[in-house]
Amino acid sequence: MSLDVLAFGAHADDVELSCGGTLVKLAGMGHKTGVIALTRGETGTRGSAEIRALEFARSAEVMGLAFHKMLDIPDGRVEVTWENKLKIISEIRAHRPRIVFAPHGIDRHPDHENASQLVRACCYLAGLQKIETEREAFRPVKVVFCQSRFEFAPSFIVDITDAQARKMNAIRAYASQFHRPDRPGAASEPGETSIARPEFLELIEARDRRYGAQIGVRYGEAFLVREAIRVDDPVAFFGPEYQWTIP
Ligand SMILES: [Zn+2]
């Protein structure tokens with residue numbers, strides 16, 4: 001199956017937080033979308049690998065994904081090795097995505113930074129015929145970086161106004177990651193992680209709101225591309241920017 005968009009995250013829930021609204025929107029437009037988590041999240045502070053796999057599947061359903069998969073790279077040890085590159089090259093060739101979403105290369109979590117480097121490199125390497133895997137060479141048209149903890153000056157912002165509520169539901173699918181004082185045994189749960197902070201969902205919404213405001217809509221998600229963007233018709237391309245309807 002060829003995907004239109006394949007989003008990679010180091011861990012289950014990374015993609016939802018960084019570009020979940022865009023994936024929801026694209027699926028709604030009829031595009032085939034997929035998500036690959038490089039790890040199973042077995043070293044996460046909360047939950048277990050089994051619980052995270054169930055939550056990952058639930059979130060995939062909420063986002064309307066055509067495909068989702070967890071690879072077996074060890075959590076906390078996402079390293080830039082040839083072995084890991086071959087795993088990712090093999091997935092890119094199997095799913096032939098037109099666009100790949102990758103984590104931004106500057107992050108606090110080393111898994112995220114290494115995932116960024118791996119995915120970008122593999123999008124190139126997957127197109128080299130002399131690197132032999134079971135499937136034929138294929139190179140995506142574009143690698144697009146998604147925002148995590150650290151901000152960047154966006155190359156473009158996607159209007160996710162109609163998809164934002166569903167994005168938040170996809171994030172809520174990771175119930176084990178949230179702090180729930182009412183949950184049995186909550187007092188003995190591990191300490192606060194950033195996603196477990198009570199205000200976490202508010203912060204996600206505030207960020208989406210802020211990027212939305214930059215393009216004159218209610219909610220937006222920011223993306224970065226390294227190469228210049230080819231434009232054939234600047235009038236059509238920039239059209240929507242002039243319809244300023246601040247909510
Ligand atoms: Zn992560």
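The following questions and answers concern a predicted model of a protein chain with a zinc ion.

Colleague: Which residues coordinate the zinc ion?

Modeller: The contacts to the zinc ion run from 2.0 to 2.5 Å. Asp-14 appears twice in the list, through OD atoms. The histidines bind through ND1 in one case and NE2 in the other. The coordinating residues are His-11, Asp-14 and His-112.

Colleague: Why is the arrangement around the zinc ion classed as it is?

Modeller: Four donors count as tetrahedral if all angles lie between 85 and 135 degrees. The 4 donor atoms here subtend angles of 56 to 120°, which makes the arrangement irregular.

Colleague: What spacing do the donors of the zinc ion follow along the chain, and where do the two histidines sit?

Modeller: His-11 lies in the loop between strand E1 (5–9) and helix H1 (14–28). His-112 belongs to helix H4 (residues 110–125), and the pair, 101 residues apart, links distant parts of the chain. The spacing of the donors is H-x2-D-x97-H.

Colleague: Are His-11 and His-112 buried or exposed?

Modeller: Buried means under 20% relative accessible area. By that cut-off, both His-11 and His-112 are buried.

Colleague: What pattern does the protein chain follow along the sequence?

Modeller: The protein chain contains 7 helices and 7 strands. Read in sequence order, these give β-α-β-α-β-α-β-α-β-β-α-α-β-α.

Colleague: What share of contacts in the protein chain between residues at least 6 apart in sequence join residues at least 24 apart?

Modeller: Of the chain's 247 residues, 47% count as buried. Among contacts between residues at least 6 apart in sequence, the share joining residues at least 24 apart is 79%.

Note on methods. Residues numbered from 1 in each chain as written. Predicted model: local features only at pLDDT ≥ 70, side-chain atom pairs only at ≥ 80, totals over all residues. Heavy atoms only, no water. Donors = N, O, S within 2.8 Å, 3.2 Å for Na, K, Ca; no water. Tetrahedral: all angles 85-135°; square planar, octahedral: opposite > 155°, others 65-115°. Helix = DSSP H or I, 4+ residues; strand = E, 2+ residues; numbered from the N terminus. Buried < 20%, exposed > 50% of the residue type's maximum accessible area, 1.4 Å probe, protein only. Contact = heavy atoms within 4.5 Å.
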